[in-house]
Amino acid sequence: MPEGPEIYRVARQVAERVERKPLTELWFGLARPAEAAKVLAGQQIQAVETRGKALLLKFESDHVVYTHNQLYGRWMFAKPDRRPDTRRQLRLAISTGTDSALLYSASDIEVLGPEQLTSHPFLARVGLDILSSGAEPAAIKDWVSQPRYAGRQLAHLLLDQSFLAGVGNYLRSEILFLAGLAPEQRLRDLDEKARQRLADAVHTLMWRSVKTAGVTNAPDLVRELKNAGWRRRDYRHYVFSREGQACHQCDSPILRTTISTRRLYHCPHCQPSA
Ligand SMILES: [Zn+2]
């Protein structure tokens with residue numbers, strides 16, 4: 001499943017093609033949003049934003065088209081008179097004179113009025129989106145330091161979309177490694193410096209993943225390993241999916257566990273529990 005950085009990259013591609021341009025087509029493949037979208041006729045898209053794994057198209061009247069890809073949704077792009085060769089079902093088509101942005105297979109598409117944004121079940125509880133909000137490490141540290149998160153284990157909390165939106169399974173393992181934190185630690189166990197390391201790691205890795213299309217490992221090391229002939233899946237991450245392989249930092253074997261029903265990888269030496 002794509003994580004926040006992947007959705008953010010797609011959002012930028014959608015924005016490049018349809019943001020602040022006259023639309024020649026705004027077509028919905030599902031009856032409910034098609035009916036609700038009549039209010040959008042003749043309007044332009046003012047902004048394309050993400051909220052974790054949701055993508056929002058903001059129109060001039062402050063109405064929003066909310067889309068969530070869940071497991072199957074996929075954006076594709078084409079010239080307006082062409083359609084990609086796919087058996088997928090087209091669910092949303094947005095075209096200008098020069099481009100089409102096409103959402104296939106997604107079933108979670110809604111047209112929301114400005115007053116519905118705070119009551120929408122996903123949007124009402126979604127946490128801080130580092131990418132769309134542009135939050136700096138200091139703001140991220142304040143966010144994670146809120147008392148309501150203090151008693152939760154880091155490994156559970158990092159998959160909770162009401163904490164940090166867009167952090168998914170590979171980012172969870174990678175953030176904990178870069179911050180040098182053990183998965184079972186709770187936020188209340190962390191001192192000031194450790195909370196700062198967590199905030200810095202989240203900020204660094206979310207933006208690094210946007211830039212590299214999901215390569216989270218240290219850029220210098222990636223360059224070195226690439227030159228040495230390593231394959232992408234072997235140099236891509238610090239620890240994720242590297243069970244039994246040597247930690248890039250200390251040579252200890254990487255361990256795999258299951259927390260919150262998802263696989264988690266860590267180096268017990270670099271991520272001591274106390
Ligand atoms: Zn290590």
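The domain assignment divides the chain of this predicted model into domain 1, residues 4–116, and domain 2, residues 130–266. Their C-alpha centres are 30 Å apart. Where the two domains touch, 11 residues of domain 1 are in contact with 11 residues of domain 2. On the domain 1 side, α1 (4–18) and β2 (45–51) each supply at least two of the residues. The most comes from α1, which gives 6 residues. Sorted by class, this side of domain 1 has 3 nonpolar, 3 polar and 5 charged residues.

One partner of α1 is helix α7 (192–212). The axes of α1 and α7 are 8 Å apart and make an angle of about 50°, so the two helices are oblique to each other. Their crossing is right-handed. From α1, the residues Gly4, Pro5, Tyr8 and Arg9 meet Met206, Ser209 and Val210 of α7. By class, the contact of α1 with α7 has 4 nonpolar, 2 polar and 1 charged residues.

Helix α7 also packs against α4 (residues 137–144), at an angle of about 120° and with the axes 8 Å apart. An angle of 65 to 115 degrees would count as roughly perpendicular and one over 145 as roughly antiparallel; α4 and α7 are therefore oblique to each other. This crossing, too, is described as right-handed. On the α4 side the contact is made by Pro137, Ile140, Lys141 and Val144, and on the α7 side by Arg195, Gln196, Leu198, Ala199, Asp200, Val202 and His203. The residues of the contact of α4 with α7 comprise 6 nonpolar, 2 polar and 3 charged.

Helix α7 appears again around α6 (residues 169–179), a helix that is mostly covered, with 10 of its 11 residues buried. The buried residues are Tyr170, Leu171, Arg172, Ser173, Glu174, Ile175, Leu176, Phe177, Leu178 and Ala179. Among the elements that cover them are α5 (154–157), α7 (192–212) and β10 (262–266). After α6 comes glycine 180, with a positive phi near 70°.

How many of the 9 residues of helix α8 (residues 219–227) are buried? The number is 0, so α8 lies largely in the open. Just after α8, glycine 229 has a positive phi of about 90°.

Positive phi values also occur outside glycine in this model, as serine 105 and aspartate 251 show. Most residues other than glycine have a negative phi. Serine 105 has a positive phi near 70°, and its place is in the loop between β7 (100–104) and β8 (108–112). Is serine 105 buried, partly exposed or exposed? A buried residue has 20 or more other C-beta atoms within 10 Å, and an exposed one 12 or fewer. Serine 105 has 17 other C-beta atoms within 10 Å, so it is partly exposed.

Aspartate 251 has a positive phi near 75°. Its place is in the loop between α9 (232–235) and β9 (255–259). Because aspartate 251 has 9 C-beta neighbours inside 10 Å, it counts as exposed.

Terms used:
Residues numbered from 1 in each chain as written. Predicted model: local features only at pLDDT ≥ 70, side-chain atom pairs only at ≥ 80, totals over all residues. Domains from an automatic or database assignment. Contact = placed C-beta atoms within 7 Å. Helix = DSSP H or I, 4+ residues; strand = E, 2+ residues; numbered from the N terminus. Nonpolar A, V, L, I, M, F, W, Y, C, P; charged D, E, K, R; others polar. Axes fitted to C-alpha atoms, helices over the stretch in contact; angles between N-to-C directions. Parallel < 35°, antiparallel > 145°, perpendicular 65-115°, else oblique. Left-handed = near helix turned anticlockwise from the far one by under 90°.
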